[in-house]
Amino acid sequence: MTTQQGLGAARSAVFSPVTFAVALTSPTRPGRVEDSVISRMQFLRTTLGLGATLWLVFAYPLSTGREDFVLGKLEDLLLGCAIVLVAGCVGIAVFILGARSPLGRLYVSRLIWPLRALGAVFLGAGMIWLMLAFLRGDIPVGQWLAGNDITFGFFGKTLGMIISGLVFALILIVGGVACAVGLVAALCFTLFATVTGLNSCFRTADVHELLPALISPLLVWSLAVLQFFDDADVAAPAAVLTAFLLGGPLSVTALSVWEVRRLRNLYGITLRSALGRS
């Protein structure tokens, strides 16, 4: 898929949050080396990670209520994306600074794609927060509308207030339904943007094919450190939590080592060549 095709898919999928999220977070750079085996292994890694998370949540009781769990996960998502942004910036900055001219400038010009993928996740999380705030009444729309005569006294004070009240009630009902639909769409968009973004390491392959393998371990170990200092979401035995905490980073690191070797052996892509030092 070329960049133009990817952008076209994004524009044509405005009313499909899933397709739109995938279009924004999938690598599309022309000329990029695409290995189907690596792609399948990355998909398998992401699928197994999600499956293990779901198993942990359903196998053991939650430490908090369901609503607190969902909101907590939303906060963890934003904080995790912030850590991903910082860790990713450090890794990419080291990579770009180590590249000889003109490769450094070329890699900088490609950073728009990883930033767009991260921005999609933050956009989705922000929409979820906004829709939830409206539905829970945290945004005082009713207070803004109440007590105002939209007819400006044309039908008299009493009738004008009745008409205004009916109109405002209709607005609140329609707004509530729209927010509920928007919440479902935002949840789907954020879920698929996060999964696809993590699977593609937030489109860092659009900068260079080696970057997902080089940065993935940095990202997952950074998130593991965050989870280590955070309270457990489920009341599971310490051994299970430890295995869950270390299993992901260790497997991602092993897969990254394999991916680097495959790119070198099959395509001649090495770190030295990527930095222009071969």
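Which backbone nitrogen does the side chain of D35 reach? In this predicted model, the side chain of D35 reaches the backbone nitrogen of I38, at a distance of 3.0 Å. D35 is located in the loop between α2 and α3. The residue is classed as buried because its relative accessible area is 7%, a value under the 20% limit. When residues up to four places away in sequence are left out of the count, D35 touches R262, L266 and Y267.

The contact with R262 includes an ionic component: R262 forms a salt bridge with D35, and the closest N and O atoms are 3.0 Å apart. This pair links distant parts of the chain, since R262 belongs to helix α10 (residues 238-267) whereas D35 sits in the loop between α2 (17-25) and α3, with 227 residues separating the two. R262 is partly exposed, at a relative accessible area of 22%, whereas its partner D35 counts as buried at 7%.

A search of the whole structure finds five salt bridges. Another of these joins E34 to R32, with the closest N and O atoms 3.6 Å apart. The two partners fall into separate accessibility classes: E34 counts as exposed at 51% relative accessibility, whereas R32 is buried, with a relative accessible area of 17%. The class of E34 follows from the cut-off, because exposed residues are those over 50%. A further salt bridge is formed by the side chains of D206 and R203, for which the N to O distance is 2.9 Å. Both D206 and R203 are buried. These pairs do not stand in isolation, as R32, E34, R203 and D206 are linked in a network of salt bridges.

Backbone geometry was examined next. Most residues other than glycine have a negative phi, and most peptide bonds are trans. Against this background, C201 has a positive phi, near 55°, and F202 likewise has a positive phi near 55°. Neither residue is a glycine. C201 lies in the loop between α8 (157-199) and α9 (211-229), and F202 is found in the loop between α8 and α9 as well. C201 is buried, with a relative accessible area of 5%, and F202 is also buried, at 4%. A cis peptide bond is present from S101 to P102, where omega is near 5°. P102 is placed in the loop between α4 (66-98) and α5 (103-109).

On the surface, a nonpolar patch is formed by M41, L44, L48 and W258, which together present about 350 Å² of accessible area. Helix α3 (residues 36-59) contributes the largest share of this patch, namely three residues. L44 is one of the patch members and is found in helix α3. With a relative accessible area of 41%, L44 is partly exposed. This value is compatible with patch membership because patches are made of residues with over 30% relative accessible area.

Key: Residues are numbered from 1 along each chain as its sequence is written. This is a predicted model: local features need pLDDT of at least 70, side-chain atom pairs count only at pLDDT 80 or more; totals for chains, interfaces and linings use all residues. Side-chain values use heavy atoms; hydrogens and water are left out. Patches are made of residues with over 30% relative accessible area and no salt bridge: like charges are joined within 9 Å, nonpolar side chains (Val, Leu, Ile, Met, Phe, Trp, Tyr) within 5 Å. Accessible areas come from the Shrake-Rupley method with a 1.4 Å probe; for residues, only the protein chains shown count as cover. A salt bridge is a side-chain nitrogen of Lys or Arg within 4 Å of a carboxyl oxygen of Asp or Glu. Helices (H or I, at least four residues) and strands (E, at least two) are DSSP runs, numbered from the N terminus. Buried means under 20% relative accessible area, exposed over 50%, partly exposed in between (1.4 Å probe, protein chains only). A polar contact is a pair of N or O atoms within 3.5 Å; within protein, one must be able to donate a hydrogen and the other to accept it, and residues adjacent in sequence count only if both atoms are side-chain atoms. Contact means heavy atoms within 4.5 Å.
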